[in-house]
Each structure stands twice: as structure tokens, then as C-alpha cells.
Amino acid sequence: MNKCRFFSISFHLLTALVLLLSACTPGGETATPSPTSPAATPSPTVAPPPTALTVCLGQEPASLFPLNNPSSAARSVLAALYDGPIDALSYQYQPVILESLPTLENGDAQLFPLKVYVGDEVVDVDGVPVTLSAGIRIRPAGCRSAACAITYDGRSEVEMEQMTVTFRLLPGLLWSDGQPLTASDSVYSYDVVKANRNSYLAARTQSYEAADELTVQWWGRPGYIDPDYLANFFMPLPAHLWSGIPADQLADSEAASLNPLGWGPYVIDEWDRGNAIILVKNPHYFRLSEGLPRIDVLTFRFTPDPEEAISALLAGECDVIDPSVPLDGQVALLLSLEEQGQLDAHFTTTPVMEQLVFGIQPAVYDNGNNPDYDRPDFFGDVRVRRAVEQCIDRQQIIDTVLFGLSSVPGSYVPLEHPFNGLRPEANPYDPAAANALLEEAGWRDLDGVPSTTRQAWGIPRIANGTLFTVEVLTSGAQQRVQVSQLIAASLAQCGIQVELTYLSQEELYNAGPDGPLFGRIFELAEYAMGTTGVEPPCEWFTSVEIPNEANRWLGTNLSGYSSPDFDAACAAARQSLPGETAYKQAFGQAQALFAQDLPSLPLYWRVKVAASRPQVCGFSLDPSALSGMWNVENLQTGKNCTP
């Protein structure tokens with residue numbers, strides 16, 4: 001039914017009813033107006049028109065199934081259908097539909113020793129789920145490092161540590177169809193994830209059970225200590241509607257992918273294919289008594305072209321441009337329009353690190369020798385990597401390409417992260433110091449002209465006279481073209497000649513051993529890595545993450561960097577829990593070792609960009625929020641709205 005027509009009919013019926021009642025006395029007689037006081041004419045209360053807000057979205061979501069690695073655009077729509085269950089804001093978790101966050105201090109997170117025997121499902125010293133048998137390396141109870149691990153003899157009774165976490169739902173939560181949301185809905189979600197056999201967490205979970213209507217308990221396999229245990233609450237799914245759909249078909253079902261049932265501030269009213277998704281208030285939203293959401297009708301309009309999105313915003317056809325619209329190349333325009341008062345521009349850094357990765361240990365070195373110098377060892381010497389760090393003017397890159405909206409990283413931990421204070425400062429741009437390091441490492445400037453290409457003399461694994469000419473591989477994206485050109489210009493000041501090669505995404509990220517990145521056959525490569533969690537991702541640079549034939553060329557440590565000290569520090573961090581003394585210490589040590597060894601050069605944190613009309617209140621970007629719509633229930637529009 002047309003909403004406007006429905007409102008008009010209801011209004012006229014209400015008016016007729018009021019007039020009829022005002023013309024009758026309680027006894028049924030016609031009321032006679034007093035000669036001294038004229039009859040009062042009723043003034044019907046007119047409901048205010050519904051408030052509306054339109055968001056320009058970067059693309060039409062292919063699916064809205066919440067557990068199917070949704071796209072950036074899909075996450076913005078899902079933020080309106082679901083609220084939480086736990087938000088990650090400024091790299092810290094906040095409960096949304098939970099009473100509180102479990103911690104060691106409040107007892108909802110616990111560790112205890114458990115006796116294990118041959119045949120039990122455990123997690124080994126490398127974090128891999130295994131069936132306990134003779135020869136398996138495990139950590140006994142109280143052991144948090146590889147140094148104290150033991151090899152199981154296949155006979156003895158041994159104690160390992162097991163972790164349990166209790167999550168407590170808020171009372172009174174309802175799905176948008178009015179049915180209760182309970183702990184069993186979260187357990188159902190775990191069952192769906194487990195049935196699809198593609199979950200790292202589910203593989204390390206011993207059990208996930210509802211203790212009562214509002215309480216769910218997660219039990220890890222013995223040996224699995226998870227510092228990110230707050231993320232182990234499985235997002236509830238509506239078991240009362242979806243449990244009849246086979247788990248392996250759920251993600252593709254119409255019910256789950258096109259009109260998923262949520263508990264958030266909005267429900268889908270209409271999906272106009274190719275144009276927009278229209279949502280209306282959820283009458284069962286648990287924060288309705290707080291006056292939320294503040295907008296009655298929320299429309300997501302599909303506007304992939306950034307120039308079209310900006311034009312729509314200026315014309316009042318959109319109120320917000322979502323970060324899923326690629327606005328990276330429009331920053332100068334947005335800043336100019338903001339200065340003119342035509343819009344509000346929004347920027348924040350993200351946990352996505354653009355980096356220049358060194359080919360420290362290429363795949364051809366895996367056999368341990370390189371007698372014919374078929375691949376010169378350009379970056380095996382840390383002094384050379386530090387020289388590259390000090391020769392590249394990263395602040396110039398940020399100022400030129402990102403309009404100064406990011407910062408020079410000192411490690412892989414973002415500036416806004418609570419652990420940022422643990423990281424060392426980035427080494428300053430200093431070409432003189434860089435040139436001195438190169439001379440010390442054996443790269444000679446034979447004519448005394450810094451811009452002349454240096455030559456190798458007396459360097460192991462490099463033939464004398466080899467020119468310091470290296471290739472930088474990256475994609476042809478506009479921003480990367482700009483950055484790589486600035487890198488080449490900087491390195492030329494230090495006698496390092498750079499050849500720039502731009503590949504398609506498919507070519508660059510092709511699987512190993514043939515792909516240049518995952519096959520580890522590059523000298524320098526520029527690409528980005530990011531995380532959706534709040535834990536500093538030290539595991540990116542551990543030895544076990546080096547792609548090679550044994551692990552089917554899968555892993556994140558494409559440089560081939562291998563350090564027992566770094567591996568131990570990262571393992572200690574990943575085996576510690578928030579609240580324990582060793583937790584921050586281990587993460588700090590891993591950052592210091594990264595800065596010392598420099599397996600990659602962090603260039604900058606990628607920037608998230610959005611825009612809104614000046615009449616919109618409440619919109620803001622958060623560095624670690626999964627969506628620009630993370631607080632959609634608080635958005636308002638109008639001249640008198642309050643931030």
C-alpha cells in the first residue's frame with residue numbers, strides 16, 4: 001500500500017470519528033450548545049510528516065547475508081538491520097546487545113587446567129587443531145611459549161589450559177518480527193558457521209552452548225588461548241525462520257540474502273533492483289524508548305560514480321555519501337566544497353596499511369644457496385632496508401597524495417590504537433644518513449654523485465659491479481601510480497634506480513608459485529594489508545606465514561622475513577590475554593623488533609572518506625568501525641537537529 005495514501009485515509013477516518021463523538025451526549029441525546037458559549041470546533045492532531053534520509057551507496061549489494069564476508073556497501077545496509085552485537089570503536093570493543101563485555105576481572109572469561117589424553121581434540125604449539133597423539137607438540141598448562149612446549153609421548157596424562165567465555169544478552173531483545181531473540185539464536189549461528197567448515201574460530205571451538213535463555217558459553221579447544229576472545233560471540237541468526245533451510249544453502253537463500261531478519265533500528269520495506277533499498281523503522285527495536293532511530297525512512301541509493309554522488313549530494317538527492325563510494329580522488333574537491341559551506345567532508349584513517357615490501361628471502365633462496373647470483377640479494381642486509389626507509393620522504397607522499405590526512409607509521413599498529421604508545425617512532429627522512437648506510441653495506445657511490453646508480457662491491461650473494469637497479473611492482477590504481485613515482489624519485493637521491501611495473505589486480509595477486517607476490521619473486525612491491533579486528537596483527541610477519549610449496553603458497557609474510565625472536569614475541573602476545581601483565585609487553589616487543597628488522601616499510605594508513613549535507617547531524621567516521629553507518633540510529637536531518 002502507498003504509505004502517503006494510507007496516512008490520508010487514516011486521517012480522514014480519525015477526523016470523522018472525532019466529529020461524530022463530539023455531536024453526541026453520553027445518553028444519546030443531541031447536545032445543545034449554550035447560548036452564552038459557542039460550540040467548540042475540534043482541532044484534530046495532525047501527525048508530522050515522516051522524516052527521511054538518503055545515503056548514496058557505492059554499489060548495490062550482491063547479498064545481505066551477514067556472515068558471508070559482506071562488501072563495504074552491504075555492511076552499511078546491515079548496520080541498519082542489525083545493531084552490534086559488539087561494536088569495535090577506536091580499536092576497543094563496546095557491548096551493544098550484551099549486558100557487558102566478558103573479562104578476566106569479572107570472571108566471564110576464565111582459564112583452567114584440563115587433563116587430556118591421546119585421541120582428544122586439542123590445539124598444538126603452532127595453533128593448529130589436531131587430534132592428540134604421540135609426537136604432537138603441545139603447551140602444557142602454565143606454558144605460554146614454544147620454549148616450554150613438550151612433545152606428547154602418546155601415553156601420559158597431561159594438563160593443558162582451556163579457555164571459556166560467557167556472554168550475557170540484554171533481556172527483552174526482539175527480532176523485527178516480534179519474536180524473542182535468545183541465546184539459542186547465537187548457538188544456531190555457530191552451527192551454521194561450523195557446518196560450512198570455513199571458520200578459523202569454529203575449528204578451534206570445543207563447544208558453544210546456551211546456558212539459559214540469555215546466556216551462551218564458548219569453550220575453546222585445550223591449548224587455544226585467544227586474546228581476541230571478545231569476538232567469539234557468534235552473531236545471532238533467526239533460528240525460528242531459517243533453521244529449516246539447509247546450512248549449506250542458507251547464504252544463497254532469498255530469506256537470508258535479500259531480506260534478512262534483524263533486531264536493529266530498521267527493516268527493509270522495498271528493494272528496488274538497480275536503484276535503491278528503502279528501509280523503515282523497526283517497531284520492535286530495543287532502543288525505541290530512547291527516541292531511536294531518529295529518522296523514519298532510510299534510503300540507500302546505488303551511486304557508484306563519485307562525481308555523480310557529489311552532484312546528488314549538492315542537489316539534495318542524497319544526504320550522506322557512504323565510504324563505499326570511491327572518493328579517494330575527490331578529496332581536493334570535497335575540501336573546497338566544505339570551505340564554501342556546501343557540504344561536510346569526513347575523513348579518518350583505517351587499519352589498512354599501505355606498505356613497500358622488501359623481497360628479503362625470495363623463493364629461489366629456499367634451497368639455501370645462490371651460487372650463480374641469479375637473483376642479487378638486494379635487501380637481505382637490514383642496513384639497506386633502513387637506508388630505503390630514510391631515503392623515502394613518506395611525509396611528502398602523505399601531503400601530496402593524501403592531502404596530509406594520514407600519518408607516517410612507526411609499525412603495523414595504527415596511530416589511534418591503544419597500543420600505539422608502545423611502538424617506536426618512525427625513523428626520519430634523512431638522505432644523508434641513508435647514503436652513509438648504503439656505503440657501509442657495500443653499495444658504492446664511485447663518482448661522488450648521489451643520483452648516480454650505486455654499484456655492489458664485496459657484498460655476499462651479489463656480483464661485484466652489480467648496479468643497484470630494482471623493480472617496484474604494484475597495481476595501476478591512480479593513487480599507487482602517484483605514490484610509486486614519488487618513491488622512485490626519492491630513491492634516486494640515494495643512487496637506487498627504480499623501474500616501475502604496473503600490473504592488473506589479477507596479475508599482481510595471482511597465486512604462487514607463478515604469481516609475483518605469493519610466489520615471492522619480486523624485489524620491491526607496494527600493496528596494502530588490513531584487518532577487521534582490534535588486535536595488532538603481528539602474525540602477518542611470522543615465519544609460518546611465509547608462502548611456500550609446503551603450505552601451498554598461502555600466507556601474509558610475502559617478504560620471506562624470518563626471525564625466531566619476532567616469532568617468539570608474537571607468539572607470546574597471541575598467548576596472552578587482556579589484563580595480564582605480559583599482554584602489552586609482548587605486543588610492544590614485537591613492534592620494536594619489526595621496527596628494528598623492517599621486513600616492510602609502512603608508508604601510510606589508508607584514509608576512509610565520506611561526505612554529508614550540512615543539515616545532517618550525528619554522522620561521523622570511526623577508524624575501526626566496520627561501516628560508516630555504525631551509528632545510523634542517531635542520524636538526524638534538519639535545520640534544528642542537534643549533533
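**Notes on the disulfides, cores and overall build**

1. A good place to start is Cys148: at 32% relative accessibility, this residue counts as partly exposed, because that value falls between the 20% limit for buried and the 50% limit for exposed. Please keep in mind throughout that the model is predicted.

2. What is Cys148 joined to? Its disulfide partner is Cys143, with an S to S distance of 1.9 Å. The torsion about this S-S bond is about 95°, so the disulfide is right-handed. Unlike Cys148, which is partly exposed, Cys143 has a relative accessibility of 5% and therefore counts as buried.

3. A search of the whole structure turns up four disulfides, and the link between Cys391 and Cys494 is one of them. The sulfur atoms of Cys391 and Cys494 lie 2.0 Å apart, and with 110° about the S-S bond this link is right-handed. Cys391 sits in helix H10 (residues 382-391), whereas Cys494 is in the loop between helix H13 (478-492) and strand S20 (497-503), so the disulfide ties together parts of the chain that are 103 residues apart in sequence. Are these two cysteines buried or exposed? Cys391 counts as buried because its relative accessibility is 0%, and Cys494, also at 0%, counts as buried as well.

4. Cys538 and Cys570 form another disulfide, with their sulfur atoms 2.1 Å apart. The torsion here is 75°, and the link is right-handed. It connects distant parts of the chain, 32 residues apart: Cys538 belongs to the loop between strand S21 (524-530) and helix H15 (564-574), and Cys570 to helix H15 itself. Both Cys538 and Cys570 are buried.

5. Cys538 comes up again when you look at the surroundings of Phe566. Leaving aside residues up to four places away in sequence, Phe566 touches Tyr412, Cys538, Phe541, Thr542, Tyr561, Ala590, Leu593 and Phe594.

6. Which residues have the most contacts inside the largest nonpolar core? They are Trp443 and Phe566, in a core of 84 residues. Strand S22 (residues 600-612) gives this core its largest share, seven residues. There is also a second, separate core of 74 residues, and its members include Leu53, Leu98, Val192 and Ile277. If you are browsing the model on screen, those names should help you find your way around both cores.

7. Now for the protein as a whole. Its secondary structure comes to 16 helices and 24 strands, and 49% of its 643 residues count as buried. The C-alpha atoms fill a box of roughly 115 × 70 × 40 Å, taken along the principal axes. How many of the contacts between residues at least 6 apart in sequence join residues at least 24 apart? The share is 67%.

8. Last, the surface and the charges. The protein exposes about 28,700 Å², and carbon and sulfur atoms supply 52% of that area. There are 36 positive and 74 negative side chains, and the centres of the two sets lie 3 Å apart.

Note on methods:
Residues are numbered from 1 along each chain as its sequence is written. This is a predicted model: local features need pLDDT of at least 70, side-chain atom pairs count only at pLDDT 80 or more; totals for chains, interfaces and linings use all residues. Side-chain values use heavy atoms; hydrogens and water are left out. A nonpolar core is a set of buried Ala, Val, Leu, Ile, Met, Phe, Trp, Tyr and Cys residues joined through side-chain atoms within 4.5 Å. Buried means under 20% relative accessible area, exposed over 50%, partly exposed in between (1.4 Å probe, protein chains only). Helices (H or I, at least four residues) and strands (E, at least two) are DSSP runs, numbered from the N terminus. Contact means heavy atoms within 4.5 Å. Accessible areas come from the Shrake-Rupley method with a 1.4 Å probe; for residues, only the protein chains shown count as cover. Lys and Arg count as positive and Asp and Glu as negative; His and the chain ends are not counted. The place of a charge is taken as NZ of Lys, CZ of Arg, CG of Asp or CD of Glu. A disulfide is a pair of cysteine sulfur atoms within 2.5 Å.
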